Amino acid sequence: MNKYNKHIIIPLFTLFMVVFLSSCGNRQHVDKGEKLPNKSTKELEKALFAQDSIPFHFFAVRIGVDLKSTQRNASFSCYVKLNVDTAFGGSLRVGPMVGAAYMITTDSIFFANKTDKCYFAESLDYVSTLFGTEVEFDFFQDLILGLPIGLEESTKYQQIKAEDHYILSSHKERLYKRLENDRLNLEDDVMLIQYHMDSASLNVFQTNIEVPSDTTSIQIDYLESKMEEGFRVPEATNIYITNPKDTLEIQLNYGSVKINNRSKIKIKIPSSYVECK
């Protein structure tokens with residue numbers, strides 16, 4: 001599977017269902033007074049990459065979403081059907097009414113707004129141009145399934161010391177200090193990612209993302225997970241997104257999950273719909 005290699009664009013989160021951010025484990029602290037066992041960076045990398053795999057072929061779930069920001073509040077549910085490495089789609093529902101439908105394939109994205117009777121249908125290349133960054137199918141798939149976000153085999157990860165858990169970072173600690181002191185060259189196209197790993201299971205319980213060029217910070221807290229049909233899946237996740245224009249909090253609550261119960265993924269756009277403006 002090819003991994004995406006560009007930074008995350010926040011407008012894309014809000015436009016195409018921020019509900020896709022998900023979790024992969026619960027956090028457990030080391031008891032105060034108990035020394036954190038030493039683990040090599042290589043050992044932590046192995047545990048991190050072991051979480052970047054998909055042991056099934058089809059995944060379906062309904063997610064309850066509560067969204068709060070300085071500009072608006074909203075609650076809705078999103079139904080997601082995913083055919084691994086191929087396509088995913090579903091619907092957005094507010095109360096008993098279906099407000100929108102969507103589908104994303106490896107090269108295209110489709111969105112039908114049933115309330116305004118309009119649609120959006122473009123290639124992912126077009127979306128990449130629109131938002132100034134490369135947008136790939138794997139990016140969305142990783143978010144849905146709770147896989148480590150932005151994980152790259154070519155990156156040399158750095159271990160950052162913490163008292164009660166482990167941290168692997170895409171960059172050295174001094175780069176974060178330069179960012180804190182406003183001494184980082186914002187023209188550099190960099191995305192700083194830290195994976196916070198549980199002291200016992202080594203599952204990722206929090207991901208922190210900094211996009212200096214966009215002055216954007218993202219914190220993903222993986223609150224709860226559960227076992228469904230022998231697989232660990234998300235149950236509750238909180239996401240905090242901060243940028244100069246807004247502060248956004250997203251609470252996700254996953255319903256029952258169906259795995260390998262394949263059904264067709266499609267979207268119907270009536271001929272009477274016009275392009276969304």
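Which residue does a disulfide join to Cys 118? The partner is Cys 276, with an S to S distance of 2.1 Å. The model is predicted, and its average pLDDT is 81. The protein contains five helices and 14 strands, and buried residues account for 51% of its 277 residues.

**Disulfide**
- The count of disulfides comes to one, and this link joins Cys 118 to Cys 276.
- The link of Cys 118 and Cys 276 is right-handed, with 90 degrees about the S-S bond.
- Cys 118 belongs to strand β6 (residues 118-123), while Cys 276 sits in the segment after β14 (274-275), so the disulfide ties together parts that are 158 residues apart in sequence.
- Is Cys 118 buried or exposed? Cys 118 counts as buried because its relative accessibility is 9%, under the 20% cut-off.
- Cys 276 has a relative accessibility of 29% and therefore counts as partly exposed.
- Another cysteine, Cys 78, has 0% relative accessibility and so counts as buried.

**Nonpolar core**
- The largest nonpolar core has 56 residues.
- Which members of this core touch the most other members? They are Phe 59, Leu 82, Phe 88 and Met 197.
- Leaving aside residues up to four places away in sequence, Phe 59 touches Val 80, Lys 81 and Leu 82, together with Ile 144 and Leu 145, Val 233, and Val 257, Lys 258 and Ile 259.
- Leu 82 thus appears both in the contact list of Phe 59 and among the core members that touch the most others.

**Contacts and surface**
- Of the contacts between residues at least 6 apart in sequence, 59% join residues at least 24 apart.
- The exposed area of the protein is about 14300 Å², and 47% of it is supplied by carbon and sulfur atoms.

**Confidence**
- A pLDDT of at least 70 is reached by 78% of the residues.
- Which element has the lowest mean pLDDT, and which the highest? Helix α1 (residues 10-15) has the lowest at 42, and helix α2 (residues 41-50) has the highest at 96.
- Over residues 1-25 pLDDT stays under 50.
- For residues 1-25 the model nevertheless has 121 contacts beyond four places in sequence.

Technical notes. Residues numbered from 1 in each chain as written. Predicted model: local features only at pLDDT ≥ 70, side-chain atom pairs only at ≥ 80, totals over all residues. Heavy atoms only, no water. Core = buried A, V, L, I, M, F, W, Y, C linked by side-chain atoms within 4.5 Å. Buried < 20%, exposed > 50% of the residue type's maximum accessible area, 1.4 Å probe, protein only. Contact = heavy atoms within 4.5 Å. Helix = DSSP H or I, 4+ residues; strand = E, 2+ residues; numbered from the N terminus. Areas by Shrake-Rupley, 256 points an atom, 1.4 Å probe, with all protein chains shown as cover. Disulfide = S-S within 2.5 Å. pLDDT = per-residue confidence, 0-100.
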